[in-house]
Amino acid sequence: MSPVIPKKLHMITWGCQMNVYDSGRMEDVLAPLGYAPTLAPEGADMVILNTCHIRDKAAEKVFSELGRLRLLKLEREAAGGKMILAVAGCVAQAEGAEILARAPYVDIVLGPQTYHRLPEMVARASRAGGAVIETDFPAEQKFDFLPDAAAPQGVTAFLTIQEGCDKFCSFCVVPYTRGAEASRPAADVIAEARRLVGQAAREITLLGQNVNAWHGAGARGLGELVRRLAEIDGLARIRYTTSHPRDMDDDLIAAHAEVPALMPFLHLPVQSGSDRILAAMNRKHTADDYRALVAKLRAARADLALSSDFIVGHPGETEKDFEATMQLIRDIGFAQAFSFKYSPRPGTPAAGAGQQVPEAEKDQRIYAVQALLREQQTAFNARCLGLTVPVLVTGPGRHDGQIGGRSPWLQPVHTIGPVSLTGSVVPMKITATHPNSLTATLEQERACA
Ligand code: SAH
Ligand code: SF4
Ligand code: F3S
């Protein structure tokens, strides 16, 4: 066997947490070839741009970044070196051919389902002779071929348990870029969770484009999977994201009542509060279905905090529809939420629909919805003042002597304390609240979990 020559790999990651997880797995799969992560693209032997296609001018953003990377590639070649340039992720999946046509200096284009084949693509690209493109949805599951040995993620870790989506919401590219829903078997998920805990993870966030639609072999559903994961020694906290309201079954709701490690925070996108628009979006639930679901969840776990995603200006959305969204937000009360102006995505049904909402109206609506959500988030944080809450310490804070961590409700918490508490769940008293974070003092320097 020829010796492995050390090489530098620079990863640029855009998009959702699943892309963050995937970037880590691409690093893992390339490690045996000698590639070690490096923070800067200058001097890298390989650069991977892991892209997102969800909104806005996704492709334009990719081409402008590629233009910048091309200069570095040329510089490296002028110095007698080589830099492999790869484009991964959802833009690669959706617009692979166009990427190679417009940026012929790109060596590899690979879709999210083909990361396990990366070493072979690198070998092909290194032999020169044209670009490599892999954007089919292979019959094999990439997870079965990715290495078990993964680089440690730290105190908080991501674990993808489900991929893809069959829901086809009118506005969304995900079913086209990530393919059909597929779930990993429970045994694989549990084995990976054990490895992460062995590498210092205390909190694991289970990921999936429709994570609560998980239906892998070996457990009845996500509720049972969560209960099994909660038995892992040393795993203090479990979260999952992103969920669809339609897939929130009774067993999962019961898990929120019964499993202390399952954190009282749920990201449950509703998108709109208007039944007319929800129907046009193909969401298959009404605003009242969502209200009833939240009531059920809160009955199971009284301190459950909610987060959501909202789209304003979906085709056909009137001022009255928008007001229904504002009313739903007032009725529920969110701890935090994301809101977006509708952005037409090529190939999706809504992009070709009539009654596109003028940009100026979208601007007004996004301004109003964000003001209300900000107000609710600030109020939610303010209610924590004076409480003592268990905080998972994740590491040093921004300033000297400071440490940072997370509350059960995902709020960032800062305090003065020793870095040695990293990885412990520590009671902290909240002394000040801010729109995006909390300040605390250590209640006692002793772990409570
Ligand atoms: N699987 C998740 C969401 C994935 S995309 C779910 O079903 O909720 C993350 C968020 O991006 C969506 O919840 C939606 O609010 C937003 N989004 C998706 N497509 C969009 C588009 N075309 N324009 C604006 N926002 C969009
Ligand atoms: Fe997109 Fe809808 Fe699937 Fe979520 S459920 S990923 S919004 S199509
Ligand atoms: Fe973006 Fe693909 Fe995630 S489009 S949000 S990177 S699934």
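Colleague: Before we look at Arg-365 and Glu-319, what counts as a salt bridge here?

Modeller: A salt bridge is a side-chain nitrogen of Lys or Arg within 4 Å of a carboxyl oxygen of Asp or Glu. Please keep in mind that this is a predicted model. In the pair Arg-365 and Glu-319, the N to O distance is 3.4 Å.

Colleague: Thanks! Which helices does that pair tie together?

Modeller: Glu-319 belongs to helix 11 (residues 319-332) and Arg-365 to helix 12 (residues 359-382), so the salt bridge ties together parts that are 46 residues apart in sequence. The helices you asked for are helix 12 and helix 11.

Colleague: Is Glu-319 buried, partly exposed or exposed?

Modeller: Buried means under 20% relative accessible area, and exposed means over 50%. Arg-365 counts as buried because its relative accessibility is 2%. Glu-319 has a relative accessible area of 49%, so Glu-319 is partly exposed.

Colleague: Where in the chain do the partners of the salt bridge between Lys-142 and Asp-22 lie?

Modeller: The closest N and O atoms of Lys-142 and Asp-22 are 3.4 Å apart. The two residues are 120 residues apart, which makes this a link between distant parts of the chain. Lys-142 is in the loop between strand 6 (132-134) and strand 7 (156-160), and Asp-22 is in helix 1 (residues 17-30).

Colleague: And why do Lys-142 and Asp-22 both count as buried?

Modeller: The cut-off for buried is under 20% relative accessible area. Lys-142 counts as buried because its relative accessibility is 2%. For Asp-22, the value behind the same label is 1%.

Colleague: Which residues do shared salt-bridge partners join into one network?

Modeller: The structure holds 37 salt bridges. The Lys-142 and Asp-22 bridge has its closest N and O atoms 3.4 Å apart. Through shared partners, salt bridges join into one network Asp-22, Lys-142, Glu-163 and Arg-178.

Colleague: How many residues apart are Arg-25 and Glu-192?

Modeller: Their side chains meet in a salt bridge at 3.8 Å, N to O. Arg-25 sits in helix 1 and Glu-192 in helix 6, and their separation along the chain is 167 residues.

Colleague: At what angle do helix 6 and helix 7 pack?

Modeller: Ala-186, Val-189, Ile-190 and Ala-193 in helix 6 meet Leu-225, Arg-228 and Leu-229 in helix 7. Those contact residues divide into six nonpolar, no polar and one charged. The crossing is right-handed. The axes are 10 Å apart, and the packing angle is about 35°.

Definitions and conventions
Residues are numbered from 1 along each chain as its sequence is written. Chains are lettered from A and ligands numbered from 1 in the order in which they are written. This is a predicted model: local features need pLDDT of at least 70, side-chain atom pairs count only at pLDDT 80 or more; totals for chains, interfaces and linings use all residues. Side-chain values use heavy atoms; hydrogens and water are left out. Axes are lines fitted to C-alpha atoms, for helices over the stretch in contact, and angles run from 0 to 180 degrees between N-to-C directions. Helices (H or I, at least four residues) and strands (E, at least two) are DSSP runs, numbered from the N terminus. A crossing is left-handed if the near helix is turned anticlockwise from the far one by less than a right angle, and right-handed if clockwise. Contact means heavy atoms within 4.5 Å. Ala, Val, Leu, Ile, Met, Phe, Trp, Tyr, Cys and Pro count as nonpolar, Asp, Glu, Lys and Arg as charged, and the others, Gly among them, as polar. Buried means under 20% relative accessible area, exposed over 50%, partly exposed in between (1.4 Å probe, protein chains only).
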